Protein chains: 2
Amino acid sequence: MKITRLSSAVSIRRTGGNATPEQTEAVKRIIQTVREEGDAALIRFAKKWDNADLSDLRVSREEIDQAVTRFDPQLLNDLTEAAENIRKYHDNQKQEGYKVTEQNGSYVGQRVTAIESAGLYVPGGTAAYPSSVLMNVIPAQAAGVPRIVLLSPPAADGSLSDGVLAAAHILGIDEIYKSGGAQAIAALAYGTESIAAVDKITGPGNIYVALAKSEVNGDVAIDMIAGPSEIAIIADATAYPDEIAADLLSQAEHDPMASSVLLTTDEVLAKAVSDEVEKQLAELPRQSIARAAIDGFGTIYLGETMEELIDAANQLAPEHLEIMTANAAVDAEKIKHAGAIFIGRYSSEPIGDYFAGTNHVLPTNSTARFSSALSVYDFLKRTSIIHYSEQAWQDNKEKIARLARLEGLEAHARAVESRQWKKENRL
Amino acid sequence: MKITRLSSAVSIRRTGGNATPEQTEAVKRIIQTVREEGDAALIRFAKKWDNADLSDLRVSREEIDQAVTRFDPQLLNDLTEAAENIRKYHDNQKQEGYKVTEQNGSYVGQRVTAIESAGLYVPGGTAAYPSSVLMNVIPAQAAGVPRIVLLSPPAADGSLSDGVLAAAHILGIDEIYKSGGAQAIAALAYGTESIAAVDKITGPGNIYVALAKSEVNGDVAIDMIAGPSEIAIIADATAYPDEIAADLLSQAEHDPMASSVLLTTDEVLAKAVSDEVEKQLAELPRQSIARAAIDGFGTIYLGETMEELIDAANQLAPEHLEIMTANAAVDAEKIKHAGAIFIGRYSSEPIGDYFAGTNHVLPTNSTARFSSALSVYDFLKRTSIIHYSEQAWQDNKEKIARLARLEGLEAHARAVESRQWKKENRL
């Protein structure tokens, strides 16, 4: 890994890549086709891109039961325990409404309700991500979303992975369809004969899925558009180079554009981590991906002081930040911007990906400055409530009419005053 | 106004309009120019579109003080009282973090912090909107955002409106710049010599402002993209036709594309409201705007039952919904989707625009199905915190490694296991 002095780095902040105009156009065409042709388009695209002959888009009860039966019981237990941890964490995010009542009988307030339906996209193909099912579905369930739908691209034999179906089964989700890519997002946004449209779409995916989510955004809600995975680690001499290297590589194996960054004041540690990364990289199954990520986006930054490292981390606002220092919990307090902070030696990043209970859908590309993990809040909405009593209207109508006229909105002023007409008539 | 039976209406849901490719291209060029040329571009564009010769982009302390001195003291009191109501309502939205601690010494939690900076765009030109200053700044202040900046287009004499500066003064905001349109959004997103970039941009604006916000979205956060204003009213025979008409017109005067809808089961009321709208329209200063809105997007829907009206309102998911019925508070409980609900005769919509305390930045185009009013939450972000103790790691590492391998992510499994190596070495 390259080792650079922080003081000589121009900007360490990461920004997102751009799609090509061809990709954008292709996605627009796919969405239009699904809107026009519905199920027929989904079935044709499944043949074209997933090489799968589908008669039914929906996964049958039998398919789910068979997948669960085939699935390793130990892994089923692991997923169940992970689901419990995730639920326990997210249950803390439930929101209540409120109501502020005045002596004159007026009240204003906020009513919090769940959205009516959510669609989760689960990437498929060579890999399958049961953890994505847990991380997207559980916040929606904790929010109380009545209808939760899963879409995932089928394998060539028309099946979805046992792991994905098992995870869905654990959560009691059985509305699952076989469709992937931009076409799946279009189906969720606008509906087809088989798939009723949803109000919000969440879940990871490739560039086509991301573009499709951007395209339908506004007609339905979407979660964030996730960029390549990122890890930054602040470490001092008390940390172990092989553990740091292993954690840096855990994100590097995700994507050739993933970013792995070490921030340290210790040159000896920097060199040792760099050597360890090389050593461990040589033995990884996803070596070529991790190699591309480490060479392209992996950097060890050397700072003079811990404060400089903290500043750099805040500038970076990384998706995942590990702190492996003598006073990790104290140093963590100084971090202003990060998606998730992993404190101390035993808090290896994959613990958050799978098990600790926090959400693994996190802001990338320095957007942790203003964005947050996927959460229960993403599946709730708030309605403002306003009730003015006759007394409150009487006390305030002139002020409100004046403010409306200040903005040149005469009809606003007259609307508030209109209640007066009858009062006067009655007198 | 046209009167239509709900049973014969195909779809009452509203969808947003689209910008032309030329508008989109123009906005992209403006943003690029501001990124390349900074202040010089802002000054040139102010000359070109606002006809204003600017030497300084920033509003001076003197300009603010003079505006406040000139401003009507009664209106200053009205704005101050409105600001107090808005602050009282929004203070209820402050969010706390949480921490879930386990017996093995682990904890997971959520830390809630304010974003570091927010930029508010205030439209200018012929009208000025002091209420927009209050509605955007106060939630940011309640969240604890340390830096809040205002941008607004200058008049031809290079000034901003007294009302806007007075509202800013009331709130203690003095970082104010003279810049409008897409160029102002570009300056907020990427910064210039005079204006440091912000993390989130909020505030209303025309199509160019909306397009610019879409364009910079992701590099910075934005609030919603607001469509034309909307009001729907559910009314029965207990309501007064002239009051309903006045409230329908209060939204119609905003924009030729504003939508005003009445839902009722009472044909006599429907006819009376239609007549009243004509009568009141003829006397409005913004008659041509309101006329275009009423003719293009105004409808009275007749239903058979109150349930049918409620269903229609939920399908519409309007920005503003007034309920003027015998049991307004009870009927309001049945509404699932609306930006804000105004309950009862005296709760005329402009009360919420200016004074009641709720936010007037509300979801349009049926997005109340999944979106909410601008709020304190929009200016907060959450960081996940994960600390695993050695014991927790010991208890769970095998499960986590198995889940990682299930997803084909070997480096994830090895990262978690890596802590084991030293344990074994030590034994």
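Student: Leaving aside neighbours within four places in sequence, which residues is L150(A) in contact with in this predicted model?
Tutor: Contact here means heavy atoms within 4.5 Å. With neighbours within four places in sequence left out, the contacts of L150(A) include L120(A), V122(A), V133(A) and V137(A). The others in contact with L150(A) are V164(A), A168(A), I173(A), E175(A), I176(A) and Y177(A).

Student: Which element gives the largest share of the largest nonpolar core?
Tutor: The largest nonpolar core has 71 residues, and L134(A), V145(A), L150(A) and I176(A) touch the most other members. The largest share of this core is eight residues, and they come from helix α5 (residues 130-143) of chain A.

Student: Which side chains of strand β2 (residues 98-101) of chain A are buried?
Tutor: The side chains alternate along β2(A). K99(A) and T101(A) point to one face and are not buried; pointing to the other face, and buried, are Y98(A) and V100(A).

Student: Which residue in β3(A) does Y98(A) stand opposite?
Tutor: β2(A) runs antiparallel to strand β3 (residues 107-114) of chain A, and four bridges join the two. They form a hairpin with five residues between them, and G105(A) in the turn has a positive phi of about 95 degrees. In β3(A), the residue opposite Y98(A) is Q110(A).

Student: What axis relates chain B to chain A?
Tutor: Chain B is superposed on chain A by a rotation of 180 degrees, with 0.0 Å of shift along the axis and an RMSD of 0.0 Å. 100% of the interface residues of chain B are also interface residues in chain A, so the copies meet through the same surface. The rotation and shift are the relation of a two-fold axis.

Terms used: Residues are numbered from 1 along each chain as its sequence is written. Chains are lettered from A and ligands numbered from 1 in the order in which they are written. This is a predicted model: local features need pLDDT of at least 70, side-chain atom pairs count only at pLDDT 80 or more; totals for chains, interfaces and linings use all residues. Side-chain values use heavy atoms; hydrogens and water are left out. A nonpolar core is a set of buried Ala, Val, Leu, Ile, Met, Phe, Trp, Tyr and Cys residues joined through side-chain atoms within 4.5 Å. Buried means under 20% relative accessible area, exposed over 50%, partly exposed in between (1.4 Å probe, protein chains only). Two strands pair if DSSP finds at least two bridges between them. Copies are superposed by least squares on the C-alpha atoms of residues with pLDDT of at least 70 in both.
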